[in-house]
Amino acid sequence: MNEELAELAASGATALVAAMGTDLWTEAKRLMSGVVARAHGGRRRRELSAALELPSTTTRGVVDGEAVSYWTDALVQLLHRNPGLAQDVMALASLRIPRQPDVAVQVNSATGSGEVFAVQHGNQHFAGGPRSRDSGDGR
């Protein structure tokens, strides 16, 4: 398989997995179902169709590397057997998850005498590093 089709498969898989847990999932699933429906090989088609129906464990904004690998391999195989599916995979790859700049989730925790220094959407500057509470010099 040529390198361009392999890259297209990876892009399509990444777009598919990135859409899981978002408002674009219905469209991504429809596009991928179309690719699967036009693929050759009954057993593989049934397997991929079933995989699309599984509940996603991917959360909004997270791309699961294992899921991307699974779908990349699947798309590579499908494109190898039928390069004519490239247009359909390209449509899937062109899906873009809209950025939501007003939504930010941050979880910070520290135990014992730990300290957390966190920032979102900006920079954090220190004139000097934080002093250790356990420096042992009696201060």
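Which helix gives the most to the positive patch? In this predicted model, the answer is helix α3, spanning residues 42–53, with 3 residues. The patch of positive charge lies on the surface and gathers R43, R45, R46 and R81. Among these residues, R46 has its place in helix α3. R46 is exposed, its relative accessible area being 57%. This value lies above the 50% that an exposed residue must exceed, and it also satisfies the patch criterion of over 30% relative accessible area.

The overall architecture is helical in its assigned elements, with 5 helices and 0 strands in the protein. Read from the N terminus, the order of elements is α-α-α-α-α. Of the 139 residues in the protein, 29% are buried. The accessible surface comes to about 9,600 Å², and carbon and sulfur atoms account for 50% of that surface. Contacts between residues at least 6 apart in sequence were also examined; of these, 64% join residues at least 24 apart.

Two pairs illustrate how positions separated along the chain are placed in space. A10, located in helix α1 (residues 3–19), is partly exposed, with a relative accessibility of 29%. The C-alpha atoms of A10 and T72 are 4.9 Å apart, although 62 residues separate the two in sequence. The second pair involves D64, which is found in the loop between α3 and α4, the latter helix covering residues 65–81. D64 is partly exposed as well, at 28% relative accessibility. Between D64 and V17 the C-alpha separation is 7.1 Å, for a distance of 47 residues along the chain.

Attention then turns to charge pairing. Side chains of opposite charge can pair when their charged atoms come close. Across the whole structure, the search finds 4 salt bridges. One of them links R30 with E27, and the closest N and O atoms of this pair are 2.7 Å apart. Both R30 and E27 belong to helix α2 (residues 25–38), where a spacing of 3 residues corresponds to about one turn of the helix. E27 is partly exposed, with 30% relative accessibility.

A further salt bridge joins the side chains of E53 and K29, with an N to O distance of 3.0 Å. Because E53 lies in helix α3 and K29 in helix α2, this pair ties together parts that are 24 residues apart in sequence. E53 is exposed, at a relative accessible area of 53%.

Helix α3 also holds a salt bridge between two of its own residues, R44 and E47, whose side chains meet at 2.6 Å, N to O. R44 and E47 are 3 residues apart, about one turn of the helix. The two partners fall into separate accessibility classes: R44 is buried, with a relative accessible area of 14%, whereas E47 is partly exposed at 31%. R44 does not meet the patch criteria, because patch residues need over 30% relative accessible area and no salt bridge, while R44 has a relative accessible area of 14% and pairs with E47 in a salt bridge.

Taken together, these results place several charged features in helix α3. This helix gives 3 residues to the positive patch, contains the R44 and E47 pair, and supplies E53 to the salt bridge with K29 of helix α2.

Methods: Residues are numbered from 1 along each chain as its sequence is written. This is a predicted model: local features need pLDDT of at least 70, side-chain atom pairs count only at pLDDT 80 or more; totals for chains, interfaces and linings use all residues. Side-chain values use heavy atoms; hydrogens and water are left out. Patches are made of residues with over 30% relative accessible area and no salt bridge: like charges are joined within 9 Å, nonpolar side chains (Val, Leu, Ile, Met, Phe, Trp, Tyr) within 5 Å. Accessible areas come from the Shrake-Rupley method with a 1.4 Å probe; for residues, only the protein chains shown count as cover. Lys and Arg count as positive and Asp and Glu as negative; His and the chain ends are not counted. The place of a charge is taken as NZ of Lys, CZ of Arg, CG of Asp or CD of Glu. Helices (H or I, at least four residues) and strands (E, at least two) are DSSP runs, numbered from the N terminus. Buried means under 20% relative accessible area, exposed over 50%, partly exposed in between (1.4 Å probe, protein chains only). Contact means heavy atoms within 4.5 Å.
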